[in-house]
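Me: I'd like to go through this model and ask what justifies each label. Can you put it up first?

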Amino acid sequence: MNAKLQSQLQAQINKLDSVSTAPAILMPLLDMLRLPSDKIRLEKVVELISYDGSIAGQCLRLANSPLFGRRQTETVRSAVMALGLERVRSMLFSLCMNEVIPRDKWVIAPNAFWRHSLGCALITQRMAQKIEYPDPEKAYLAGLLHDLGFLVNSVLYTEGFRECLRRAAEQHLPLHVIEEQVLGFSHCDTGPMLCQHWGLSKELVDAARCHHDVSLLSTAGPLACLVHLSDLLCRVCYLGYGYDEIMGVDLGGDAAWEILVATYPALKNMDLVRFTLDIDGAMDQIIATVDSVFGAKRLAASATS
Amino acid sequence: MPIEIAKAKPAVTPDSNPSDPAYLKIRDLIYRISGIYHAEEKLYLLVGRCARRMVALGVVSPSEYLEHLTTRGNRDAELRLLLNEITIGETYMFRHPCQLDALRNVILPQILQVKGLISLKRLRFWCAGCSTGEEPHTLAMFLLEEKDKLLAGWTFDILATDLNDNSLEAARAGIYGEYALRSTSDALRRKYFKDIGNKKLQANDLLKAPIHFDRINLRDDSKMLFQKGIDIIFCCNVLIYFDLASKRRVVQHFYSNLLPGGYLFMGSAESLFQVDDSFRLVHFPGTTAYWKPTATQAGGGKK
């Protein structure tokens, strides 16, 4: 991507906040995403959620979904406690983005997008735990945010991006390859720009930028490698972008795998078939959760803390 | 004279709560011994299989059944019976469409490209442990359907082997009922089977032509060494009954039997972790397979 295109994209992204009708909680929420986990205060989170009735309702729905143990949670406070602050913080974000993107601008179906994002978040987190990566919750967040560029492209380049998705689905090819052909850039360019604009950490920005480009991974650090592998696993487990891709992936021979093994030798002890079966087992729940939270008619603003 | 009614054996209802830790132990035992793994969310499947064995034994609690599998004298036999239960119902045609998609979309185009340049346009498949023949017949239908498309200009043959003579005899006869054909379309039934009455269909000559049946014991080294030049091997849920050493030897044989660039398919929940590290595990949508790299492909991953 040349410098001119980059500065054009950046200018568009800088205007994004004013283009979309962001819910009032977006900005305080972004402040919270920038904080380390141990600095997040329960009261602050509960206050934020309670501010927006629609989001509060969806948060309760999530806490009561099978993926999180189907708890009988009735207040925002108990929902937050049940889900854990970290989980709530990242889930709040996806609920919030759903409000940010106007309905007619969604190119990838919202359910497909969030299934992939939530799936990738969970897989990145589980893999992080398996290899003893020190911050699995950050891994979760990196997985959740890695494809933000799709939302940027949907809002700013709706028709061009729609054409990308159409061609990619028709040819069963990875979306980023077609984005490069049609738009001259991909979600791996616009996603990190938005992350940067929002002041998210360098690791999260890198994960969004490098998750398809193996040549960038060695300088990006382990989080980007984790997201790269999880994204591939997600896509072979039918949690892609809503169409069938033709792919055969040798994860053990992947550059990201080799980089990770050097720092986290526990990866060598991971039975990938078993790990894939575990992911496959969790798929139905991921799908049910996303559908129940984002798909169905949103709960009325009746929930209170 | 009053008729004495024999008292029915009291029905045993096994405790079937998947969160019982004993089931997790059984799951881990099965994984360790056979390589078959049940994810937490699929544990209920294993519980159902155990329940059948528990009823047969009159055992109620899973922890008691675990004893049957670990400490009782007949544990090896019981383990085998449980493995039979676990893999039962695996055998019907087109049971694994993802494997066929992987063949059509990725594996065959890859092999055709490499082989097309250097050798005869001929492909060799081997169903090792073909049981009653559902797998080779499915493969034959799939390949025959691709004959004028992907495989135009190519010939192929399928070696289908088993140790059990009764299974082989049934496979050769190629007679199937509704269960085996539940996922076979009407069009394929009409094209590749003849109706022999009594709700049975028999594979016709067109379908039988590419398949060659033979009796091979996978533990027989001399016979295993003899198989050469294979492109794709299917060996689903056969090695689960083998101990680690024999499993290792069979997989090493498979590696030599395959041409470089060839693939080995195992059962869908069957892992070769720590059994073999010569093969490379490749993920395809909905399935995995083991790949023998060619000299030039051995370096890195494929996207």
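Me: Which residues are buried in helix 13 of chain A, and what makes them count as that?

Reply: They're A:Leu204, A:Val205, A:Asp206, A:Ala207, A:Ala208, A:Arg209 and A:Cys210. Buried means that 20 or more other C-beta atoms lie within 10 Å of the residue's own; 12 or fewer makes a residue exposed, anything in between partly exposed, and the C-beta atoms are placed from the backbone. The helix covers residues 202–210, and 7 of its 9 residues are buried, hence "mostly covered". Helices (H or I, at least four residues) and strands (E, at least two) are DSSP runs, numbered from the N terminus.

Me: What covers the buried residues of helix 13 of chain A?

Reply: Among the covering elements of chain A are helix 8 (136–145), helix 9 (148–156), helix 12 (187–197), helix 14 (214–220) and helix 15 (222–236).

Me: What kind of model and numbering am I looking at?

Reply: It's a predicted model, where local features need pLDDT of at least 70 and side-chain atom pairs count only at pLDDT 80 or more, while totals for chains, interfaces and linings use all residues. Residues are numbered from 1 along each chain as its sequence is written, with chains lettered from A and ligands numbered from 1 in the order in which they are written.

Me: Why is strand 10 of chain B called largely enclosed?

Reply: Because 5 of the 5 residues in that strand, 287–291, are buried. B:Thr287, B:Ala289 and B:Trp291 point one way, B:Thr288 and B:Tyr290 the other, and all are buried. That fits the usual pattern, since side chains in a regular strand alternate between the two faces of the sheet.

Me: How do you know that strand 9 of chain B and strand 10 of chain B are paired?

Reply: Pairing takes at least two bridges found by DSSP between the strands. Strand 9 (residues 280–284) of chain B and strand 10 of chain B have 5 and run antiparallel, so by that definition they pair. They form a hairpin with 2 residues between them, and B:Gly286 in the turn has a positive phi of about 75°. B:Val282 stands opposite B:Ala289. Strand 8 (residues 258–266) of chain B also pairs with strand 10 of chain B, antiparallel, over 2 bridges, and B:Tyr263 faces B:Trp291 there.

Me: Why is B:Ile33 called partly exposed?

Reply: B:Ile33 has 18 other C-beta atoms within 10 Å, so it falls between the buried and exposed cut-offs. B:Ile33 is in helix 1 (residues 21–34) of chain B. Its C-alpha atom is 8.2 Å from that of B:Tyr241, although the two are 208 residues apart along the chain.

Me: What makes the largest nonpolar core a core, and which residues touch the most other members?

Reply: Such a core is a set of buried Ala, Val, Leu, Ile, Met, Phe, Trp, Tyr and Cys residues joined through C-beta atoms within 7 Å. This one has 174 residues, with A:Ile49, A:Cys59, A:Leu92, A:Leu226, B:Ile233, B:Cys235 and B:Leu264 touching the most other members. Helix 15 of chain A gives the most, 10 residues.

Me: What is A:Leu226 in contact with, leaving aside its neighbours within four places in sequence?

Reply: A:Thr124, A:Met127, A:Ala128, A:Tyr133, A:Ala139 and A:Leu260. Contact means C-beta atoms, placed from the backbone, within 7 Å.

Definitions and conventions. Two residues are in contact if their C-beta atoms, placed from the backbone, lie within 7 Å.
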